Amino acid sequence: MLRIDYKPRDFGLVVFFSVAVILTHQISAFIMLVFTGSGLLAYFGLGLGIFDIGRPSWERSSTRESVNLTGLLVFDLGLITFMWSLTPHHGNSFLMIILDYFVSTVEKSGVGQLQSTNAQNIPPNVMPQQTLMQSIVEYLDVLGFLLLLLLTIVGCLYIIRQENISHATFTCVIATVIMLMFVFGFPMFGITTFVPGRWYPFVAAPMAVIAAIGLPYLVKNTQPSVMVVVLLLFVVVFPAASILASESTQDQPAFTNTQTRYSYTESELAAMQAIDTYAENKSKNWVTDHPYATAIERTESHNMESGAIQDGKVAGYERNLTPEWNNYYSAQRR
């Protein structure tokens, strides 16, 4: 829509996919609103002459783009409001629950409150000491994103130059800035209502476009030998860091003793079936360890408590589970 002379059927296809996103997932729908709104903000910013653009092509195409973007944004916002008002969630509509949660989060947020809370809850010299592997994994988790962010910054500086800016590229810049505020800005004040961890794949899309635009600028304005070394390091480090990061290896972590595994093995699934078979008293609080307790709590089939691990066993499980389950549990752990 921002780069070609599109026709009504093309715009209808955009509307169709926007409806599909709204009906598929709430967070994705909200991120789509942010990106569409960024396109409208980009139009107003360029129309106000912030970058002193005098190109006739922009003047000819801007009016049509603004009308269609405004219509798309209003339509999507109305449909989202309507759908979320009808979606049940914890005894109320999803829209009301989210608004109440957001207002409550904002009221409790603030730099001063966070500092006072940290000072009260975390006494000095009581912070747990990280192991070397934990520190390495933490840096590895953010390394790939930081490399992409570095090239994105270069691309942004290149795009906002007068001779390089356009509606499409400026939309990507504004969308990236706004999305990064949701990812990093709001969580700094304790506002996590928008689930910032879900935004990384979406913000990476415009960041990749901007980074690709900024690369030719670096190549032209940097010594070839230096640029070749930098690009080779990026080609090697970026994929490796992205593949080994915790978010990329949730089913099978590269560092099993440090990263959390969120999937279940065949033996764990069999153990859960055994719990469902032998734990017949569903009103009683049964004790087991992770990941069994977490999985069964989500299904709400039994009252489960997470037990502490002592000497390779769950403390207290002998008195809470039947003898048949004790034998099965021991066999599975072996």
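User: Why is Cys172 called buried?

Analyst: Cys172 has a relative accessible area of 13%, and because buried means under 20%, with exposed over 50% and partly exposed in between (1.4 Å probe, protein chains only), Cys172 falls in the buried class. This is a predicted model, in which local features need pLDDT of at least 70 and side-chain atom pairs count only at pLDDT 80 or more, while totals for chains, interfaces and linings use all residues. Residues are numbered from 1 along each chain as its sequence is written, and side-chain values use heavy atoms, with hydrogens and water left out.

User: How do you know that Cys172 is not bonded to Cys156?

Analyst: A disulfide is a pair of cysteine sulfur atoms within 2.5 Å, whereas the sulfur of Cys172 is 9.3 Å from the closest cysteine sulfur, in Cys156, and is therefore too far for a bond. The structure holds zero disulfides; Cys156 is in none, with Cys172 providing its nearest cysteine sulfur. At 15% relative accessibility, Cys156 counts as buried.

User: What makes Thr171 count as buried, and which residues is Thr171 in contact with?

Analyst: The relative accessibility of Thr171 is 1%, so Thr171 counts as buried. Thr171 is found in helix H7, where helices (H or I, at least four residues) and strands (E, at least two) are DSSP runs numbered from the N terminus. Leaving aside neighbours within four places in sequence, Thr171 is in contact, meaning heavy atoms within 4.5 Å, with Leu2, Phe35, Ser38, Gly39 and Ala42.

User: Why is Ser28 called buried, and where does Ser28 lie?

Analyst: Ser28 has 19% relative accessibility and therefore counts as buried; its place is in helix H2, residues 26-47. Once neighbours within four places in sequence are set aside, Ser28 is in contact with Val21 and Phe202. Ser28 and Ser18, ten residues apart in sequence, are 10.0 Å apart in space, C-alpha to C-alpha.

User: What makes a group of residues a nonpolar core, and how many residues has the largest one?

Analyst: A nonpolar core is a set of buried Ala, Val, Leu, Ile, Met, Phe, Trp, Tyr and Cys residues joined through side-chain atoms within 4.5 Å. The largest has 16 residues, and those with the most contacts inside it are Met179, Trp199, Val203 and Met207. The elements giving two or more residues to this core are H2, helix H6 (132-159), helix H7 (167-188) and helix H8 (200-221), and the largest share, four residues, comes from H7. Beyond neighbours within four places in sequence, Val203 is in contact with Phe145, Thr176, Met179 and Leu180. Apart from this core lies another, of ten residues, among them Ile165, Phe170, Cys172 and Ile210.

User: Why is Phe17 called partly exposed, and which patch does Phe17 help to make?

Analyst: Phe17, in helix H1 (residues 8-24), has 47% relative accessibility and so counts as partly exposed. Leu13, Phe16 and Phe17 make a nonpolar surface patch of about 340 Å². Patches are made of residues with over 30% relative accessible area and no salt bridge, like charges being joined within 9 Å and nonpolar side chains (Val, Leu, Ile, Met, Phe, Trp, Tyr) within 5 Å; a salt bridge is a side-chain nitrogen of Lys or Arg within 4 Å of a carboxyl oxygen of Asp or Glu. Accessible areas come from the Shrake-Rupley method with a 1.4 Å probe, and for residues only the protein chains shown count as cover.

User: How many helices and strands has the chain, and what share of its residues is buried?

Analyst: The chain has 13 helices and six strands, and of its 334 residues 33% count as buried.
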